[in-house]
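This report describes one protein model and the surroundings of its ligands. Please look over the sequence and the structure before reading on.

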Amino acid sequence: MAALIQTASSVLRYRGGAGQWAWAIHRAAGLGVLAFLLLHIFDIFLAAFGPALFNELLFLYKGWLARVLEIVLLFGLLYHALNGLRLILMDFFPIVASRKITRNFIYIQLAVFLLLFVPAGIYMMYNLPADQFGQNAALSILVTFGVIALPAIIVALFSFMPLRDGIKIDSDASVGNYQDGFDRIVASRSHRVMNRTELNIWLFMRISGLLLIVLALGHFFLMHFIYGVENMDFNFIIQRWMDPVLGLFWRSYDLALLFFALIHGMFGLRYSIEDYVHHRGLKMTLLGLAILVEIALLAMGAYVIFTFNATA
Ligand code: HEM
Ligand code: HEM
């Protein structure tokens with residue numbers, strides 16, 4: 001815990017520039033989307049127990065606070081996807097990793113992010129019913145830019161805080177040359193032993209990342225911009241999973257999403273556990289716990305996809 005706080009504060013106070021911030025937000029966004037996913041697999045699993053319980057719990061998605069948090073979720077997912085894509089390009093096309101080009105890529109990535117996120121965020125907020133703060137253009141713009149400002153607000157707050165006397169900043173990204181620290185942490189290569197298993201995990205992170213651009217962003221896009229969260233209930237799942245023509249396709253799509261998102265996210269969580277938890281016993285316990293949660297959620301998610309058999 002002390003290591004986590006120290007790393008967080010050193011990352012927040014170290015003025016490492018665009019590359020370091022891109023990495024810090026990438027990690028926070030990945031962990032945030034994973035937290036949502038763990039809860040989400042559990043709530044979809046409840047569909048196995050029939051419509052009453054499921055429909056009752058849907059209020060979780062439909063209140064105004066949940067809908068604003070969905071804009072934050074889109075922020076995290078879209079940012080992480082675009083930044084992940086840049087990392088993958090850097091890994092496979094070394095020219096992209098050269099300092100000058102990397103910096104330009106970060107700005108292109110930011111421009112694409114804003115171009116996609118701003119209209120999507122405004123649309124999602126504006127589409128709420130009027131009694132849930134929707135249908136109000138000024139408020140929709142304010143909320144969307146508020147979500148964008150979140151990381152900036154956190155950075156600003158921490159920059160004003162004086163460094164505690166004697167604080168030792170020893171995270172990799174904070175030892176002086178940010179580009180070097182950034183390269184080492186983001187590429188995740190030189191400070192991890194690259195045996196065959198690690199290499200396979202490294203490759204899996206990149207292949208699953210590319211697949212998730214279609215699977216996870218596609219799923220989010222369909223749910224929010226084609227179907228609409230307000231139309232979601234038990235019958236909605238019946239229409240998708242029991243459809244005589246497309247049912248098998250949607251079940252396979254959800255199974256692939258479940259498999260790749262959960263395993264990618266849990267391997268990602270392992271990076272944080274290994275970086276911040278230095279006590280060997282605690283590290284092993286947390287890694288073991290993460291594997292148990294992963295197996296349980298994979299089983300629950302797959303169970304409901306394979307066995308769901310309700311009719312309207
Ligand atoms: C707030 C936005 C979201 C909504 C409203 C939503 C809604 C749904 C619904 C209704 C289903 C049921 C199956 C279906 O109709 O296809 C589902 C399944 C699923 N969603 Fe989402 N989803 C959202 C975001 C996400 C995100 C961001 C991810 C991935 C990171 C994700 C991953 C999954 C997975 C893996 C399943 C299958 C779960 C299982 O097998 O139990 N969803 N989602
Ligand atoms: C949408 C497409 C996505 C892409 C292109 C992508 C790409 C990447 C890449 C390239 C990495 C770095 C891997 C490494 O350092 O070896 C990464 C890390 C990570 N990803 Fe994703 N990812 C995506 C979706 C997701 C989703 C849906 C989740 C959550 C369920 C997630 C959670 C994480 C986490 C927690 C990390 C570790 C971050 C760190 O500690 O540095 N990612 N991702």
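Around ligand 2 there are 28 residues, and those that come nearest are Gly30, Gly84, Gly209, Gly265 and Gly268. The elements that each give two or more residues to this shell are α2, α5, α9 and α11. The largest share comes from α9, with eight residues. By class, the shell around ligand 2 holds 17 nonpolar, nine polar and two charged residues. These descriptions, like the rest of the report, refer to a predicted model.

Ligand 1 has a shell of 26 residues, of which Ile44, Met223, Asp254, Leu258 and Gly301 come nearest. Two or more residues of that shell come from each of α2 (18-45), α5 (64-92), α9 (196-227), α10 (234-241), α11 (247-276) and α12 (280-307). Here the largest share, six residues, is given by α2. The classes in the shell around ligand 1 are 20 nonpolar, three polar and three charged residues.

The protein chain as a whole has twelve helices and zero strands. Its pattern along the sequence is α-α-α-α-α-α-α-α-α-α-α-α. The chain has 312 residues, and 21% of them count as buried. Among its contacts between residues at least 6 apart in sequence, 75% join residues at least 24 apart.

Two helix pairs can be described in detail. Two packed helices are described by the angle between their axes and the distance between the axes.

For α5 and α9, the axes come within 10 Å and cross at roughly 150 degrees. An angle over 145 degrees counts as roughly antiparallel, and α5 and α9 are therefore roughly antiparallel to each other. The crossing of α5 past α9 is left-handed. On the α5 side the contact is made by Leu74, Leu77, Ala81, Gly84, Leu85, Ile88 and Asp91. On the α9 side the residues are Arg206, Gly209, Leu210, Ile213, Ala216, Leu217 and Phe220. By class, this contact has ten nonpolar, two polar and two charged residues. Gly84 and Gly209 appear in this contact and are also among the residues that come nearest to ligand 2.

The second pair is α11 and α12, whose axes come within 10 Å and cross at roughly 175 degrees. That angle makes α11 roughly antiparallel to α12. From α11, the residues in the contact are Arg251, Asp254, Leu255, Leu258, Leu262, Met266, Leu269, Arg270 and Ile273. They meet Lys283, Leu286, Leu287, Ala290, Glu294, Leu297, Leu298, Gly301, Ala302 and Ile305 in α12. The contact of α11 with α12 has 13 nonpolar, one polar and five charged residues. Asp254, Leu258 and Gly301 take part in this contact, and these residues are also among those that come nearest to ligand 1.

The loop between α6 (99-126) and α7 (137-160) includes Gln132. Phe133 is placed in the loop between α6 and α7 as well, and so is Gln135. Phe133 has a positive phi of about 70 degrees although it is not a glycine. Gln135, also not a glycine, has a positive phi of about 60 degrees.

Is each of these loop residues buried, exposed or partly exposed, and what about Pro51? A residue is buried if 20 or more other C-beta atoms lie within 10 Å of its own, exposed if 12 or fewer, and partly exposed in between. The table lists the counts.

| Residue | Other C-beta atoms within 10 Å | Class |
|---|---|---|
| Gln132 | 17 C-beta atoms | partly exposed |
| Phe133 | 17 C-beta atoms | partly exposed |
| Gln135 | 14 C-beta atoms | partly exposed |
| Pro51 | 15 C-beta atoms | partly exposed |

Pro51 itself is found in helix α3 (residues 51-57).

Some residues lie apart along the chain but have a stated separation in space. Gln132 and Lys62 are 70 residues apart along the chain, and their C-alpha atoms are separated by 9.7 Å. For Pro51 and Ala310, which are 259 residues apart along the chain, the separation of the C-alpha atoms is 9.1 Å.

Notes. Residues numbered from 1 in each chain as written. Chains lettered and ligands numbered in written order. Predicted model: local features only at pLDDT ≥ 70, side-chain atom pairs only at ≥ 80, totals over all residues. Near = placed C-beta within 6 Å. Helix = DSSP H or I, 4+ residues; strand = E, 2+ residues; numbered from the N terminus. Nonpolar A, V, L, I, M, F, W, Y, C, P; charged D, E, K, R; others polar. Axes fitted to C-alpha atoms, helices over the stretch in contact; angles between N-to-C directions. Parallel < 35°, antiparallel > 145°, perpendicular 65-115°, else oblique. Left-handed = near helix turned anticlockwise from the far one by under 90°. Contact = placed C-beta atoms within 7 Å.
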